[in-house]
Amino acid sequence: MIAAFLLFGTFALLAPPAALIAFPWTLITRNPDFLYRISFRIVRIGTRLAGIRVVVLGRGGVPRDRKCIFMCNHVSNLDPCVMVPPIPGRCAILIKQELMRVPILGPAMRMGGFVPVARGGERQAAMEAVRQAVAALRSGVHILVFPEGTRSRNGRLLPFKRGPFHLALESGAPIVPMTVTGTENMMHKGSMRVLPGTATVHFHEAVIPGDYPNVDDLLTAVRERIRSVLPPHMQPIDPIELG
């Protein structure tokens with residue numbers, strides 16, 4: 001539990017004073033860039049103290065002239081800590097709505113333009129999330145979404161939801177598939193225990209939504225890229241299963 005203490009202790013120690021500075025600054029300037037930078041600086045400090053090493057591959061291929069939709073597999077609560085900092089530029093994340101109620105974290109995510117997604121699959125809520133995500137892209141920030149819709153309990157790739165791919169087709173933004181490995185062994189779903197180790201974040205070649213005739217073909221292309229570098233114990237049971 002030493003790694004967990006160092007990780008969460010760092011967040012608990014540094015987040016309140018950072019919020020006292022960054023929140024008023026963001027409200028005054030209406031620019032969340034400083035809040036974003038200081039938040040993920042704290043995240044980097046916490047992960048390093050916890051003994052979590054991050055190896056980044058393929059980032060040089062990320063388009064620099066357009067805002068992108070980053071899509072990644074999701075196996076641990078540690079995933080955002082290791083895979084958001086390497087994304088070039090500011091990124092808004094599609095997150096479950098309940099996180100917006102967490103003290104300090106919730107207001108910070110709201111100021112940062114993160115997009116809440118309601119559980120339950122209601123069409124109106126899903127359409128509102130897509131609307132906000134498209135607005136975020138047009139405002140000049142990237143979007144990050146976990147297309148599985150939830151964390152995998154055993155690390156295996158889950159079926160993908162179609163919603164994020166409708167977003168991609170509507171916005172026309174390139175999709176950058178990402179694969180994260182290693183975190184599935186550091187923090188399991190439902191546990192607060194954190195183990196030191198090495199996480200690998202792999203950026204794949206961008207996928208252009210307009211190159212595909214429909215949502216399912218686009219989904220399959222992105223999923224195959226994410227799947228392609230997963231180790232055997234993280235491979236899906238059915239590689240072509242759709243959500």
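Is Phe11 buried, partly exposed or exposed, and what is its relative accessibility? In this predicted model, Phe11 comes out as partly exposed, at 22% relative accessibility. The cut-off for burial is a relative accessible area under 20%, so Phe11, at 22%, does not count as buried. Phe8 is likewise partly exposed, its relative accessible area being 29%. Both residues belong to helix α1, which spans residues 2-29. Because they are 3 residues apart in that helix, about one helical turn separates them.

These two phenylalanines make a good entry to the aromatic contacts. Searching the whole structure gives 4 aromatic pairs. One of them joins Phe8 and Phe11 in an edge-to-face arrangement, with 6.3 Å from centre to centre and 75° between the planes. Another links Phe70 with Phe203, also edge-to-face, at 6.2 Å between centres and 85° between planes. Here the partners come from two strands: Phe70 is part of β2 (residues 69-72) and Phe203 part of β7 (residues 197-203), so the pair ties together parts of the chain that are 133 residues apart in sequence. Phe70 and Phe203 are both buried.

Phe70 also leads into the nonpolar interior. In soluble globular proteins, nonpolar side chains tend to be buried together. The largest nonpolar core in this model has 66 residues, and those touching the most other members are Ile69, Phe70, Met83, Ile143 and Phe165. Helix α5 (residues 123-139) gives the most to this core, contributing 6 residues. A separate core of 5 residues lies apart from it, and includes Ala19, Ala22, Leu35 and Ala108. As for Phe165, its contacts beyond four places in sequence are Met71, Pro147, Phe160, Ile175, Val215, Leu218, Leu219 and Val222.

Several of those partners, among them Val215, Leu218, Leu219 and Val222, are buried residues of helix α7. This helix covers residues 215-227, 13 residues in all, and reaches 18 Å from its first C-alpha to its last, close to the 18 Å expected at 1.5 Å a residue. At its N-terminal end, Asn214 acts as a cap, with a side-chain oxygen 3.2 Å from the backbone nitrogen of Asp216. Ala221, Arg223 and Ile226 are also among the buried residues of α7. The buried residues of the helix pack against strand β2, helix α6 (163-171) and strand β6 (175-181). Arg223 has an aromatic partner too: it lies over the face of Phe160, 5.3 Å from the ring centre.

Arg223 is in turn one of the residues touched by Leu157. Leu157 sits in the loop between β5 (142-145) and α6, yet is buried, with a relative accessible area of 5%. Beyond its neighbours up to four places away in sequence, Leu157 touches Asn73, Glu148, Arg223, Ile226, Arg227, Leu230, Met234, Gln235 and Pro236. Gln235 is 78 residues from Leu157 in sequence, but their C-alpha atoms are 5.9 Å apart in space.

A further buried position is found in helix α2 (residues 33-49), which holds Thr47. With a relative accessibility of 5%, Thr47 counts as buried. Setting aside neighbours within four places in sequence, Thr47 is in contact with Leu7, Ile52 and Cys81.

Notes: Residues numbered from 1 in each chain as written. Predicted model: local features only at pLDDT ≥ 70, side-chain atom pairs only at ≥ 80, totals over all residues. Heavy atoms only, no water. Phe/Tyr/Trp six-rings, centres within 6.5 Å; stacked < 30°, edge-to-face > 60°. Helix = DSSP H or I, 4+ residues; strand = E, 2+ residues; numbered from the N terminus. Buried < 20%, exposed > 50% of the residue type's maximum accessible area, 1.4 Å probe, protein only. Lys NZ or Arg CZ within 6 Å of the ring centre and 35° of its normal. Expected span 1.5 Å × (residues − 1). Contact = heavy atoms within 4.5 Å. Polar contact = N/O pair within 3.5 Å; in protein donor to acceptor, adjacent residues only side chain to side chain. Core = buried A, V, L, I, M, F, W, Y, C linked by side-chain atoms within 4.5 Å.
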